[in-house]
Amino acid sequence: MDVEDYFVGVMRKIFILLALVSLQLQAQDLPHFKKVVKELSSAKYQGRGYARGGANKAGKYLEKEFRKAGVDEVTLQPFTIDINTFPGDMEMWADGRKLKAGVDFSMREYSPGVKGEFPVYHVDTLNFDPDKLLADLALPENKGCLVCCDFWFTYKYRKLFSKLQKAGECPNAGLLLTWAAPIKFFKAYGEKVVDKPIVWVTPEAIEGVKSVKLNVDSEFLKDYELFNVIAKVEGQRHDSCYVFTAHYDHLGNLGRKVYYPGANDNASGTAAIVTLAAHYAKNRPEFDMYFVAFSGEDANLRGSTFFAEHPVVPLSQIKYLFNIDMIGDDNPVQYCEVSDAGMPEYPKFEKVNAEHHLFQALNRGDLAANSDHYPFAVRGVPCIFLENGEGSAFPHYHTPADNIKTVRWNSYEPVFRLVTGFIDSHIKLEE
Ligand SMILES: [Zn+2]
């Protein structure tokens with residue numbers, strides 16, 4: 001082969017490679033995915049919570065992003081929630097040592113704010129006697145104390161410890177619940193506020209501590225308006241549809257300085273459905289496609305429950321619903337849950353996965369009320385929940401470290417190909 005032929009050969013190879021790469025980009029679009037994850041987890045949206053309007057700001061951004069993706073229609077579906085928030089002061093000292101919000105301590109989502117200095121009563125879990133605890137708390141030296149106990153231990157004695165949250169039941173001022181680092185923050189039961197403050201704290205931060213000072217503000221938002229963002233791509237047929245869902249809200253703020261970026265939970269799933277919308281807007285599908293970004297998920301599946309109760313398309317017309325939550329990770333095995341109505345077609349996911357060498361395996365767990373597929377699953381909709389599960393991003397779940405630095409990009413493409421491959425085989429197998 002002379003130099004010229006060699007050159008032409010190399011050029012041809014480069015050309016084919018470029019053509020293949022551009023084909024790939026038209027399907028799953030990793031740069032677009034990354035861009036949306038980065039935007040949603042940025043400080044601008046303050047962890048997509050409520051007190052600072054971060055969730056609704058993110059919803060407005062998504063409305064624009066879906067339009068840019070070329071969908072036919074975007075509608076906002078408003079609903080309201082009652083929710084407890086922590087937008088102001090968030091300070092804690094243990095025997096005079098200042099602790100770090102979000103790292104050493106966080107608040108139970110239904111805790112009221114609290115200001116003051118308190119003695120600490122450490123529960124002896126090794127020689128535990130409920131009567132002795134109540135007798136001790138009645139002693140004058142323990143009046144107005146914070147009762148400190150391992151969270152899972154209090155869980156075993158739920159009835160007793162729920163008394164310690166109620167005014168007029170016991171003379172304690174509140175509770176300190178220990179939880180091994182990294183300390184988490186939740187929102188799921190924040191639709192109410194109990195009488196006494198409850199603080200999560202790491203065992204290291206509170207061990208042997210005699211006195212705790214707290215300066216914590218809370219704000220209870222009543223009938224706070226949120227909205228789901230619903231994008232639609234018209235197919236050639238309108239008698240049934242596919243639905244992609246992901247929640248875009250997260251935990252918001254823990255005080256003025258700390259917010260929860262939620263890059264994996266669930267900027268990742270939200271970004272995935274934006275790129276799926278762009279894909280189907282370019283490649284007209286046979287059936288109508290809906291892309292629903294839910295709000296209020298971390299506040300107990302509120303957006304998806306509202307949608308399931310007020311569907312924009314009859315639930316019986318949904319051929320399959322794909323709920324994508326936390327795929328910003330690198331587990332080579334993909335976790336999923338499938339509704340009863342979705343089980344007859346579950347083998348197709350396994351077939352697509354094996355044929356295209358996407359994940360090492362799919363690991364199907366029991367259906368649980370852990371994400372937005374659940375309100376649909378209990379209403380008989382065929383659906384699958386896709387969460388990448390325990391990869392290297394997972395330990396940061398519900399901590400401020402679930403951010404753009406710890407999120408992983410590995411699972412996006414195989415998840416994209418799994419759901420689009422399922423739809424392709426779905427249509428083929430029906431013919
Ligand atoms: Zn989530």
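Select Phe291 to begin: leaving aside neighbours within four places in sequence, this residue is in contact (C-beta atoms, placed from the backbone, within 7 Å) with Phe66, Ala231, Phe244, Ile273, Leu276 and Ala277. The model is predicted, so local features need pLDDT of at least 70 and side-chain atom pairs count only at pLDDT 80 or more, whereas totals for chains, interfaces and linings use all residues. Residues are numbered from 1 along each chain as its sequence is written.

Next, widen the selection to the largest nonpolar core, a set of buried Ala, Val, Leu, Ile, Met, Phe, Trp, Tyr and Cys residues joined through C-beta atoms within 7 Å; a residue is buried if 20 or more other C-beta atoms lie within 10 Å of its own, exposed if 12 or fewer, and partly exposed in between. This core has 82 residues, and Phe291 is among those that touch the most other members, as are Phe66, Ala272, Ile273, Ala277, Ile324 and Val415. Its largest share, eleven residues, comes from helix α8 (residues 263–282), where helices (H or I, at least four residues) and strands (E, at least two) are DSSP runs numbered from the N terminus. Apart from it lies another core, of 40 residues, including Cys149, Leu175, Leu176 and Tyr259.

Now show the open sheet of eight strands, which has mixed pairing and the order β1-β10-β14-β11-β15-β18-β16-β17; two strands pair if DSSP finds at least two bridges between them. At its edges, β1 and β17 (361–364) each pair on one side only. Within the sheet, β15 (residues 318–324) and β18 (residues 383–387) run parallel and are joined by four bridges, with Leu321 standing opposite Cys383 in β18. Helix α3 (residues 54–68) packs on the sheet and touches β1, β10 (219–233) and β14 (287–294), its direction making about 10 degrees with that of β10; axes are lines fitted to C-alpha atoms, for helices over the stretch in contact, and angles run from 0 to 180 degrees between N-to-C directions.

Colour the chain by domain, with bounds from an automatic or database domain assignment: domain 1 spans 29–83 + 225–430 and domain 2 spans 89–216. Where they meet, 17 residues of domain 1 are in contact with 14 residues of domain 2, and strand β1 (residues 73–85) gives the most to the domain 1 side, with three residues.

Finally, select Lys187, in the loop between β7 (174–178) and β8 (198–201). Lys187 counts as buried because it has 25 C-beta neighbours inside 10 Å, and, not counting residues up to four places away in sequence, it touches Glu109, Leu251, Asp298 and Ala299.

Note on methods: Two residues are in contact if their C-beta atoms, placed from the backbone, lie within 7 Å.
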